[in-house]
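Visitor: I should like a close look at a single part of this structure, with the criteria behind each statement made explicit.

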Amino acid sequence: MNTEMTNNHSDFLTADEDLIESVISTEWQQFDRVQNEGGRADCQDDWITFHIMRKSQFSTWNHDTLKSYQQDLANANRNNRNLLTEKYARMMAGTAPEKYKQLEHRLPALSQERIRLQEELIAIYVRWTEEFALSHPQMSMRSRPIRTIEDTCQITSSETYLRGEISTYSDKTLSLLARHVFQMDASGSNLVLEIMNVTAALYGYKDADDAEQQMR
């Protein structure tokens with residue numbers, strides 16, 4: 001894909017552009033403070049890619065979910081928590097399970113009911129991702145592997161990534177996101193396709209179909 005953002009994403013703009021930018025900015029500040037075992041990661045200095053990936057996701061959320069997550073980030077800052085650090089720590093349950101056991105006690109406990117709801121959402125996103133992979137194989141080849149079973153110590157699947165991230169949301173944000181996802185799924189929508197449409201547009205393509213065609 002091209003490496004510069006363009007203005008070719010007007011078809012995918014939402015009424016919450018300012019809210020989305022505020023959320024991304026706060027996340028970026030927390031991401032900048034994530035401490036890695038091997039030192040600072042290159043991606044922590046790659047604002048363009050970070051912005052594209054996060055904007056693509058948040059463009060598929062509704063206003064109430066975005067506002068709630070914005071509050072999650074604000075609350076985290078007030079309480080000296082870093083939700084991005086917690087997200088990457090939780091991913092280690094799939095990519096580095098022995099190390100995860102050593103730090104699991106430092107993370108907020110999750111109830112069985114909450115885990116059940118998270119897994120329902122994750123299953124829908126995994127199904128959407130697999131549907132996208134079938135219809136857009138070229139784009140999918142350039143993305144993460146899909147399922148946790150494909151995790152390695154170097155590679156994190158989209159399922160594990162999502163599980164880590166969802167685990168950092170407040171109960172309110174999780175509930176709002178679940179309601180939105182269930183409604184979209186019932187209507188036949190595929191939010192992963194919508195995410196990839198925004199991603200493609202931000203990289204200069206018309207949409208995911210256009211990107212797929214040009215990558216062949």
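Guide: The following account takes up the packing of one helix pair and then turns to the cysteines. The model is predicted, so local features need pLDDT of at least 70 and side-chain atom pairs count only at pLDDT 80 or more, while totals for chains, interfaces and linings use all residues. Residues are numbered from 1 along each chain as its sequence is written, and side-chain values use heavy atoms, with hydrogens and water left out.

Helices here are DSSP runs of H or I with at least four residues, numbered from the N terminus. Helix H1 spans residues 17-32 and helix H2 residues 47-58; their axes come within 10 Å and cross at roughly 130°. Each axis is a line fitted to C-alpha atoms over the stretch in contact, and angles run from 0 to 180 degrees between N-to-C directions. H1 and H2 are therefore oblique to each other, the class left for angles that are not under 35 degrees (roughly parallel), over 145 (roughly antiparallel) or 65 to 115 (roughly perpendicular).

With contact meaning heavy atoms within 4.5 Å, the H1 side includes Ile 20, Ile 24, Trp 28 and Phe 31, and the H2 side includes Trp 47, Phe 50, Arg 54 and Phe 58. By class, this contact has eight nonpolar, one polar and five charged residues.

As to the cysteines, a disulfide is a pair of cysteine sulfur atoms within 2.5 Å, and the count comes to zero. The sulfur of Cys 43 is 16 Å from the closest cysteine sulfur, in Cys 153, too far for a bond.

Note on methods: Helices (H or I, at least four residues) and strands (E, at least two) are DSSP runs, numbered from the N terminus. Ala, Val, Leu, Ile, Met, Phe, Trp, Tyr, Cys and Pro count as nonpolar, Asp, Glu, Lys and Arg as charged, and the others, Gly among them, as polar.
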